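Colleague: I have a new model open and would like your help with one small part of it, a ring with a charge sitting over it. Could you take a close look and then walk me outward from there?

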Amino acid sequence: MSSDIHVDLSNGLENVPVSIEWSIAVTKFPGFQYSPDNIQGPGCTIDPSEVTLPGCSCLSRSCFPENCSCLQTYGQAYDTTGTRLNLSKTNSGYCSPLFECNALCTCSDACSNRVVQRGLRLRLEVYSTEKRGWGVRTLEAIPHGTFVCEYAGEVISFEEARRRQRAQRSGDNNYIIGVREHAGTGSVTETFVDPAMVGNVGRFLNHACQPNLFMQPVRVHSVVPRLALFAGRNIDAKEELTFDYSGGYSNQPPGELLATQSDAAIQASRADGLQRKECHCGANHCVQFLPLDLSIIN
């Protein structure tokens, strides 16, 4: 009789079950509330579920750049199958936010510009790794550019994020991800997501210095971005899913992905008083320590 136990981590909240595999010898599993979507947390002044973006008036099953105001304004992010376009840009360390059609758009739910909002479509499994605690692996092959899952949790303010980080003990995991977007001269938007107490399967993704996923801010109904993770290459079934906590995706050695010295200085200034943890990703160019926060520079 097998000693492995399989249950649905999402309790039916996702489109497909999120499996957990652990031996009966493993007893410590983090307690948290599962939520497929971001929720409003302390210091967040905008409800992430509130519809705040305008919609298109397309009446077709799927939108086309020739007549869709969403695609004309924000650009086309996906092909007709929902796969990310312009994937070569993910190797630069820079990325621009994506905008999908939303609840105010008149196109159908099958529109190719509705991807992240459809939720989890892949069979994923949370499992106990050898050296890095819990991790996530895929139970099916994932083509390059496919949306995998969100990194969902409480959307909080910078002040709350710092308070939570400084309250952590040396053995605690830091789940807080900070995304910094540069929208023009002097215009910087920061979003902080913490899935420690409320989150989805993304909270179990481990860091890797040479990962197979990359993170992209995606706006759907709200100006608050969803932190979406896409396949950075073709991924085999049973392969662990990872992303770079520092915000980069490259086949080159990491560590030089921040856009400017000023951005690097900001990150360094935020590291005061926080204990860095060793990285066990096993990459050839491992940087030895986990990043303290994540910055995606546009």
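Which residue puts its charged end over the ring of Y127, and how far is that end from the ring centre?

Modeller: Happy to, with one reminder before we begin: this is a predicted model. The residue you are after is R137, whose charged end lies 4.0 Å from the centre of the Y127 ring. There is a second arrangement of this kind at F32, where R203 lies over the face of the ring at 4.2 Å from its centre.

Let's follow F32 for a moment. Its ring belongs to a cluster, joined through ring pairs, that also takes in F29, Y34, W134 and F204. Three of those cluster members turn up again if you look around V126: setting aside residues up to four places away in sequence, V126 touches F29, W134 and F204, and its other contacts include L9, V18, I20, V136 and V201.

V126 is also a good way into the interior. In soluble globular proteins, nonpolar side chains tend to be buried together. Here the largest nonpolar core has 36 residues, and V126 is among those that touch the most other members, along with L124, V148, Y151, L241 and F243. Several strands give two or more residues to this core, including β6 (124-128), β7 (134-138), β8 (147-150) and β15 (240-243). Strand β14 (226-231) is on that list too, and with three residues β14 gives the most to this core. Apart from it lies another core of twelve residues, and L87, L98, V220 and F230 are among its members.

F230 deserves a stop, since it brings us back to rings. The model has eleven aromatic pairs by the rule used here. In one of them, Y78 and F230 have their centres 6.4 Å apart, with 35° between the planes, which makes the pair tilted. What I like about this pair is its reach along the chain: Y78 is in the loop between α1 (69-74) and β5 (98-99), while F230 is in strand β14, 152 residues apart. Both residues are buried, because their relative accessible areas, 1% for Y78 and 0% for F230, fall under the 20% cut-off.

F230 has a further ring partner in F214. Their centres are 5.8 Å apart and their planes stand at 20°, so this pair is stacked. F214 sits in strand β13 and F230 in strand β14, so the contact ties together parts 16 residues apart in sequence. F214 is buried as well, at 4% relative accessible area.

Those two strands also meet in a sheet. It is an open sheet of four strands in the order β5-β13-β14-β8, with mixed pairing. At its edges are β5 and β8, each pairing on one side only. On the β5 side, β5 and β13 pair in the parallel sense over two bridges, and L98, which we met in the core of twelve residues, has V218 as its bridge partner in β13.

Another set of strands is worth a visit. Strand β9 (153-156) has a parallel partner in β4 (residues 39-40), over two bridges, and I39 stands opposite E154 of β9. β9 also pairs with β11, this time in the antiparallel sense over four bridges, and there V155 stands opposite V193.

Follow the chain on from β9 and you reach S157, in the loop leading to α2 (158-166). This serine is buried, because its relative accessible area of 16% is under the 20% cut-off. Beyond its neighbours within four places in sequence, S157 is in contact with P42, G43, C44 and F192.

Next comes helix α2 itself. Its buried residues are E160, A161, R162, R164 and Q165, and the elements covering them include β9 and β11. Within the helix, Q165 is buried at 7% relative accessible area, and its side chain makes a polar contact of 2.5 Å with the side chain of R162. As a general point, an α-helix has 3.6 residues a turn, so residues three or four places apart point the same way.

So, to return to your starting point, the spot to put on screen is R137 over the ring of Y127, with R203 over F32 as its companion example.

Methods: Residues are numbered from 1 along each chain as its sequence is written. This is a predicted model: local features need pLDDT of at least 70, side-chain atom pairs count only at pLDDT 80 or more; totals for chains, interfaces and linings use all residues. Side-chain values use heavy atoms; hydrogens and water are left out. A nonpolar core is a set of buried Ala, Val, Leu, Ile, Met, Phe, Trp, Tyr and Cys residues joined through side-chain atoms within 4.5 Å. Buried means under 20% relative accessible area, exposed over 50%, partly exposed in between (1.4 Å probe, protein chains only). Contact means heavy atoms within 4.5 Å. Rings of Phe, Tyr and Trp (its six-membered ring) pair if their centres lie within 6.5 Å; planes under 30 degrees apart count as stacked, over 60 as edge-to-face and the rest as tilted. A charge sits over a ring if NZ of Lys or CZ of Arg is within 6 Å of the ring centre and within 35 degrees of the ring normal. A polar contact is a pair of N or O atoms within 3.5 Å; within protein, one must be able to donate a hydrogen and the other to accept it, and residues adjacent in sequence count only if both atoms are side-chain atoms. Two strands pair if DSSP finds at least two bridges between them.
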